[in-house]
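Biologist: Could you take me slowly through one part of this model, the strands and how they pair, and tell me how far the picture can be trusted?

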Amino acid sequence: MKKKLLMVALMSAAMGLASCGQQAASSPEGSHASVSESTSQSSESKESKESKESKESSVSTEASSVAHVHRWGAPTYTWGDEHADCTAKRVCLDDPTHVEEETATADVQTDPATCTEDGTATYTVTFENEAFEEQTFVDTLSATDHDWGDPEYTWNDDYSECTATRTCLNDSEHIETETVKSTYETAGHGDPTEEQGAFVNFIATFENEAFEQQIELEYLDCLPAMSKLFFSLNEDEESYSVSMNDSNISGCVRIPKEVNDLPVTAIESSGFFGTSITRVIIPSTVVSIGTSAFGACTALEKVDFEGEASGFTLGQGAFENCSKIERIYLPQSITEIPYRAFKNCSKLDYVDFVSLLKQVTVIGEEAYQDCGSLKTVVLSTTLTEIKSRAFDGCYQIEPFFWGYADDWAKLVIGEGAFPDTIAGVDSWEGTLPL
Ligand SMILES: [Zn+2]
Ligand SMILES: [Zn+2]
């Protein structure tokens, strides 16, 4: 009877156990379940001791300071300095002196920040105690921003444009660049006219505030006489042709590369015919010079081509009667010297189809007729035809045929191409004439 009563008391202890049951099930380390087992199998002396405890617990489970199944509170997690570690902790709801605590070191995975994009550092801790969940903390690494090197500035050939560039020291693919058109102001004394040339301050001003205004002092021997030039839009509507706007144009004329952001590609037929210009500077954007463009420019001494135009063509009589030109270095892409191109250029003294006019195949009729000062003419085997009267009247001419006799077999020489004084040339029949 007494023993049966004891069993009831044990049962109630077991019932008390069941009231924390879920916790006990999920927490295998909650070892108080062994109490009932050991009790039921039990020796007499232990049994009586246990029964005493069980009686007490059955009387007052709440106040129990003896063995019980913990009812753990929710775990708390506390990160250490700089997330190097994390401490997990849980406290028994029934007795705050029952504490489980574990500190684990964090693993760090870093996705580094770039100049423009934030990165992350992900800290992860896992605990041995399965009651504690894995913790992660993601820290944002702020974008570093660019670390720009000093800007560099480059001017183009004619100082019409300046380019500023700066490169990031963190990543050389980070580049800021800006190209601007320059303005210019004349510098120094006097009031040089557009044709005379002058010291000029070229000024480049950038939108990017990181770039400083650039000022370059240069002597410009020939300013673009824009007010004296006339530009007409070509049919392609993507380029301009230039001619004079004022027949009184004189001195040096610099043809600009561009007008209204479109290239100047042609000099119009008769564009500067009969004017008093002394020098013309032609940019490489110009690929054609029209018929009689500079005809009868009797003051014209210098024709400067800046850079090499491709597919360059010259019009008939383009420089006819330019009696002051001694030498002219045409773009090397020219393939034909047309009719009367240099007729009566009485000071022209040298023409070279070997090292300069390498691609010319045809010398047109009267191309160099009456060039009375023309002495040295170096002729190349690339020539296929020297047309009638090409060098007629060039009484000082000393043509030099460069190459082997066989290479000249395809050359056709027109009637009166050379002056009568040069024996054999007119009767050219496929052998070296001189
Ligand atoms: Zn507890
Ligand atoms: Zn950068």
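Modeller: Two strands are said to pair if DSSP finds at least two bridges between them, and with that rule in hand we can look at the sheet, keeping in mind that this is a predicted model. Three strands form an open sheet in the order β1-β2-β3, and their pairing is antiparallel. The edges of this sheet are taken by β1 (76-79) and β3 (99-105), and because each of them has a single partner strand, one side of each is left without a neighbour in the sheet. From one strand to the next, the twist averages 20 degrees. Strands of a sheet pair through backbone hydrogen bonds, either parallel or antiparallel. Between strand β2 (residues 85-91) and β3 the antiparallel pairing extends over seven bridges, and within it cysteine 86 is found opposite alanine 104 of β3.

Further along the chain, strand β4 (residues 107-111) runs antiparallel to strand β5 (residues 119-125), and five bridges join the two; here valine 108 has tyrosine 123 in β5 as its bridge partner. β5 also pairs with strand β6 (residues 135-141), again in the antiparallel sense, over seven bridges, and alanine 121 stands opposite aspartate 139 in β6.

The loops that follow later strands deserve a careful look as well. Most residues other than glycine have a negative phi. Aspartate 261, however, has a positive phi, near 65 degrees, without being a glycine, and its place is in the loop between β16 (258-259) and β17 (262-267). Because 6 other C-beta atoms lie within 10 Å, where 12 or fewer is the limit for this class, aspartate 261 is exposed. Serine 270, likewise not a glycine, has a positive phi of about 55 degrees and lies in the loop between β17 and β18 (276-283). With 18 C-beta neighbours inside 10 Å, serine 270 counts as partly exposed, since a residue is called buried at 20 or more.

As for trust, the mean pLDDT of the protein chain is 83, and 79% of its residues reach 70 or more. Over residues 1-64, pLDDT stays under 50, and the model has 47 contacts beyond four places in sequence for them. Residues 426-434 also have pLDDT under 50 throughout, with 17 such contacts in the model. Where pLDDT is low, the predicted coordinates should not be read in detail.

Notes:
Residues are numbered from 1 along each chain as its sequence is written. Chains are lettered from A and ligands numbered from 1 in the order in which they are written. This is a predicted model: local features need pLDDT of at least 70, side-chain atom pairs count only at pLDDT 80 or more; totals for chains, interfaces and linings use all residues. Helices (H or I, at least four residues) and strands (E, at least two) are DSSP runs, numbered from the N terminus. Axes are lines fitted to C-alpha atoms, for helices over the stretch in contact, and angles run from 0 to 180 degrees between N-to-C directions. pLDDT is the predictor's confidence in each residue, from 0 to 100. Two residues are in contact if their C-beta atoms, placed from the backbone, lie within 7 Å.
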